[in-house]
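Trainee: I would like to learn how to read a structure like this one. Could you take me through it step by step?

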Amino acid sequence: MKHHLFWPLTILALLLVFNLLYDPTFFSIKVRDGHLYGSLIDILNFGAPLLLVSIGMTLVIATKGIDLSVGSIVAITGAMACLTISKGPDQNALVLVATAVGLSLVLSLALGLWNGFLVAGVGIQPIIATLILMVAGRGVAQLITSGQIITVSSSSYKFIGAGVLFMLPFSIFIVAAVFAVASLLTRKTAIGLFIESVGNKPVASRLAGIRAKSVMIAVYLFCGLCAGVAGLILSSNVSSADGNNAGLWYELDAILAVVIGGTSLNGGRFYLAGTVIGALIIQTLTTTIYMIGVPPEITLVVKAFVVLVVCLIQSESFRKAIVGRWKTRRYPAEKEVARHV
Amino acid sequence: MFKRQHLPIIVTLALFVFMFIAGSFRYTGFFSTQVLLNLFIDNAFLLIVAIGMTFVIVSGGIDLSVGSVIALTSMISASLLQEGWSPAAVIPLVLLLGSLFGSGMGAIIHYFKIQPFIVTLAGMFLARGLCYVISTNTITINNAFYTSVAQTKVYLPGGNFVSISVIIALLLFVLAFYAAHYTRFGRNTYAIGGNEQSAVLMGLPVARTKIGVYLFSGFCSALGGVVLTFYMLSGYGLHAIGMELDAIAAVVIGGTLLTGGFGYVAGTLFGVLIQGAIQTIISFEGTLSSWWTRIVIGLLLFLFILLQRLFSSRQLLQKHRA
């Protein structure tokens, strides 16, 4: 059995090697005005929101759930923060920016709680429960921005998404912090086991003494928060909030990143490091496509094939169909009744 | 005769009637046959797509690719017409392509046991991406046949009119209604949605039915794309973005259970009409912005899912007692 990071790392390495062959300066990192510049830094910087959302999504998927509303949460928090700042007298005031950030994060927690309540409390299927917020959330974001693009000119707010700390983009540090917290909490405490057990069988976990509902709500809360932070980074990077387009397709990219990272959509197992690599693969892919000069929209076609191939590799039936060619004996009954893993 | 299982569809119907009456009392000029017919005219393609989606959801799956397939259809039609192809060749070709696309996804879902959600997601990316491979710009259509279909008004007795798209949609509706309730294919679909394992053990043709369901959905999306092309007279990669959500919402509001195995094609019709009515009311109100549509649809989704939840848990209890 190969290590679970084998395939994701191979894909990432292949992409990077391709880039290197295409453009030998791809790996070069220069220092300019006390910043580090280079394609690799760009990938990390622009990939930060996706990385955050994917980390949250990993935990949700580990409980056999899914959160389709992250894109809408990204739009809502960005809109909320920009609205608060644009209403203030002095847009650079630290207090104002802190209030805006705090308000948005509380809002994203509330939205996460709503999802968690629907899934764990009311017992609606996760896809459907979060679909509600996905549909309504874009409307709410538009409502906050009154259908316009709110622009702010606050250097303190801009620091979140475009600031520089120790020569690296500040957003990278946010991602690193969230990743560290998430992996410590899930791998050094029992929470990770709880999540996996709930993902395997909620009823059995409850009987074993795990508060399955609380675990589920916590996971959606965390995912909401991650999406909220991503929304702040995204809107602060461009100093504006667009209720319509901010975070568009993020839910799909995040799910894709999680799946590429080796986390199964059937729940019960998750790999945070895999997710990070998955998100980096997606971001590198996007950068590569921009660099080669094909229209960026074609990324979608490539993504489609990546999703398909990754899912086929994960599919037991597909592997069996290939391995089955070498098998001599077949059990018809085994073939007909699907095993639910 | 009133049956328990008709409750969701009656709620949907009542809601639509209520919205229409409320609109009529509030706004002058709302209560007219033409406003009602306009609901059909403006939502013909949504109805077509939602009918296909109903079958998929009844079979226990989901199809996220519909919006992209519509866009791809509009794009292929527009570019082929520009090349000078005849509409008589273009329309059957895109319908065939849509069906092939759908059945391909269905085959992957069935044979490799990958979740429909993820497969159709890939389909959605693929179709949307292929649009941009054709062109990233709008391609306008000035084919004589298309413009004449777009402008034709079919007059009904009483001076009101509908478009040809509405007639296509209603024909498809009748066909789907018949297929769902009076054919073997329809019964098999319900059986698979109820419990796939049991359907296999009962010896039903699960593979054929499942692939057939996605084929039908692909066909409906392509047909919806053709109708949208009549409506928009252009092909564009950004057409019908978010359409899959509208279609799913219409199906759910129509009372179909998202867990599969239960639902009515007729409910979907009213689900689509309710969405249309929301838009019409918002445009009549004038001061409300269009994004309220999404919020109201979200709220309705929430209410109907809650209702389903209550309904299905009661039904399950009754089954257990029996």
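Mentor: Gladly! Let us begin with a term: a residue is called buried when its relative accessible area is under 20%, exposed when the value is over 50%, and partly exposed in between. Take A:Glu196 as a first case: its relative accessible area is 15%, so this residue is buried. Please keep in mind that this is a predicted model.

Trainee: Which side chain does A:Glu196 meet in a salt bridge?

Mentor: The partner is A:Arg187, with 3.7 Å from N to O. A:Arg187 has a relative accessibility of 44%, so this partner counts as partly exposed.

Trainee: How many salt bridges are found over all chains?

Mentor: A search of the whole structure gives 2. One of them joins B:Lys210 and B:Glu196, whose closest N and O atoms are 3.2 Å apart. B:Lys210 belongs to helix α10 (residues 206–232) of chain B and B:Glu196 to helix α9 (residues 196–201) of chain B, so this pair ties together parts 14 residues apart in sequence.

Trainee: Are B:Lys210 and B:Glu196 buried or exposed, or in between?

Mentor: With a relative accessible area of 11%, B:Lys210 is buried. B:Glu196 is at 30%, so it counts as partly exposed.

Trainee: How far should I trust the coordinates?

Mentor: The general idea is that where pLDDT is low, the predicted coordinates should not be read in detail. Here, chain A has a mean pLDDT of 79, and 91% of its residues reach 70 or more. Among the elements of chain A, helix α10 (residues 212–238) has the highest mean, 88, and helix α15 (residues 332–336) the lowest, 50.

Trainee: Into which domains is chain A divided?

Mentor: There are two entries to know: domain 1 covers 43–293 and domain 2 covers 299–328. The contact between them takes 11 residues from domain 1 of chain A and 8 residues from domain 2 of chain A. Their centres, taken over C-alpha atoms, are separated by 29 Å.

Trainee: What can I say about the surface between those domains?

Mentor: Look at the buried area and at what kind of atoms supply it. Between domain 1 and domain 2 of chain A about 760 Å² is buried, and carbon and sulfur atoms give 76% of that. On the side of domain 1 that touches domain 2, the elements giving two or more residues are α11 (250–260) and α12 (272–292) of chain A. The count of salt bridges between these two domains is 0, and so is the count of residue pairs in polar contact with both residues at pLDDT 80 or more.

Trainee: How many residues are in contact between chain A and chain B?

Mentor: The contact involves 48 residues of chain A and 38 residues of chain B. Together the chains bury about 3,900 Å², with 83% of it on carbon and sulfur atoms. The side of chain A that touches chain B draws two or more residues from each of α4 (94–122), α5 (126–145), α11, α13 (299–314) and α14 (316–323) of chain A. The largest share of that side, 12 residues, comes from α5(A). Across this interface the rule finds 0 salt bridges.

Trainee: How do I read a residue in the interior?

Mentor: Check its accessibility, then its neighbours. A:Thr58 sits in helix α2 (residues 39–62) of chain A. Its relative accessibility is 0%, so A:Thr58 counts as buried. Setting aside neighbours within four places in sequence, A:Thr58 has contacts that include A:Val258, A:Thr263 and A:Phe270.

Trainee: And how far apart along the chain are A:Trp7 and A:Gly261?

Mentor: They are 254 residues apart along the chain, while their C-alpha atoms are separated by 8.5 Å. A:Trp7 lies in helix α1 (residues 6–22) of chain A. At 47% relative accessibility, A:Trp7 counts as partly exposed.

Trainee: What should I look for in the backbone angles?

Mentor: As a general point, most residues other than glycine have a negative phi. A:Lys64 has a positive phi of about 65° although it is not a glycine. Its place is the loop between α2 and α3 (70–87) of chain A, and A:Lys64 is partly exposed at 48%.

Trainee: Where does B:Lys113 lie?

Mentor: B:Lys113 is in the loop between α4 (87–112) and α5 (116–134) of chain B. This residue, also not a glycine, has a positive phi of about 50°. With a relative accessible area of 43%, B:Lys113 is partly exposed.

Note on methods: Residues numbered from 1 in each chain as written. Chains lettered and ligands numbered in written order. Heavy atoms only, no water. Helix = DSSP H or I, 4+ residues; strand = E, 2+ residues; numbered from the N terminus. Buried < 20%, exposed > 50% of the residue type's maximum accessible area, 1.4 Å probe, protein only. pLDDT = per-residue confidence, 0-100. Domains from an automatic or database assignment. Contact = heavy atoms within 4.5 Å. Buried area = accessible area lost by both parts, 1.4 Å probe. Salt bridge = Lys/Arg side-chain N within 4 Å of Asp/Glu carboxyl O. Polar contact = N/O pair within 3.5 Å; in protein donor to acceptor, adjacent residues only side chain to side chain.
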